[in-house]
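Me: Please take a close look at one part of this model, the place where the two chains meet. I would like the helix packing and the residues involved.

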Amino acid sequence: MVPLAYYLTLSALLFAIGVVGVLINRNAIVIFMSIEIMLNAVNLSLIAFSQFMGSPAGQVIVFLVMAVAAAEAAVGLAIIVVIHRTRESINVDDVNLMKW
Amino acid sequence: MTLAIFLALATVSVISAILVISQKNSVISALYLVVTLASQAVLYFLLGATFIGVLQIIVYAGAIMVLFLFVIMLLNLKRDEFGPDKKKGQRVLAFLLTLFLAIEILAALKIGLSGGQAVTGVSAKLSIGSPVEVARSLFIDYLYPFEIVSILLLVAILGVIVLVKKRF
């Protein structure tokens, strides 16, 4: 059995990679993907805790996180499509005004 | 044996996550994201969380990634649209801050795992992650959050329709 600490370390690394992705990218879609990486990193630590503590509660939370992530991806991508329609760009530096 | 599989999967998921955030072309990022998500699904199987592992493949690597690829192709992005970053210092600062964040998380982890009661290897029953156990918990203890998620999904569907509709 792999120790719990290994899973949590992997989760921390993936979360940090997601944070770097949000900070260094200018493409709104890649920023979205980085957010998905962060959500998945947290899911991994929840599943690891759930299995090691012998309680299914963590898995239920992961189930709910997946539903929220699906809703978030749908709404976020719709917003990106609308931004691209009005500004012809999805570079986040171009989207610095609430109203044009 | 399990440790070797874990290390292989961890390497694959970390490397492909790094490749996701360092690509110029969004389609290639999306495909590497599928690799990350799939290797995490196998990690869930390794932990014994079979239900969540299957869900990860169907919902994340399947549905959400199709949505991403569909939008990337719909927008028809030029490859050089983003070019080199204008603010060079920002990138260095981002790496530094994230390094501090990672050190902070790992330090918290080390303190948390050394103090208090150790949870390491208490039960790790394989049946915890089975669909039966998860469904029992979901429909008895967590029924209310489950119903709220259904409302959230309905609101998301309506929101997307309202957002992308041109005129009413």
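Reply: What follows describes one helix pair between the chains, then the wider contact.

The model is predicted: local features need pLDDT of at least 70, side-chain atom pairs count only at pLDDT 80 or more, and totals for chains, interfaces and linings use all residues. Residues are numbered from 1 along each chain as its sequence is written, with chains lettered from A and ligands numbered from 1 in the order in which they are written.

Helix H2 of chain A (residues 28-53) and helix H1 of chain B (residues 2-21) have axes that come within 9 Å and cross at roughly 155 degrees (axes are lines fitted to C-alpha atoms over the stretch in contact, and angles run from 0 to 180 degrees between N-to-C directions; helices are DSSP runs of H or I, at least four residues, numbered from the N terminus). H2(A) is therefore roughly antiparallel to H1(B), a term for angles over 145 degrees. From H2(A), the contact is made by Val30(A), Met33(A), Ser34(A) and Ile37(A); H1(B) supplies Ala17(B), Val20(B) and Ile21(B). Two residues are in contact if their C-beta atoms, placed from the backbone, lie within 7 Å. By class, this contact has six nonpolar, one polar and no charged residues (Ala, Val, Leu, Ile, Met, Phe, Trp, Tyr, Cys and Pro are nonpolar, Asp, Glu, Lys and Arg charged, and the others, Gly among them, polar).

The whole contact between the chains takes 64 residues from chain A and 71 from chain B. On the chain B side, H3(B) gives the largest share, 13 residues. That side has 52 nonpolar, 14 polar and five charged residues.

Technical notes. Helix = DSSP H or I, 4+ residues; strand = E, 2+ residues; numbered from the N terminus. Parallel < 35°, antiparallel > 145°, perpendicular 65-115°, else oblique.
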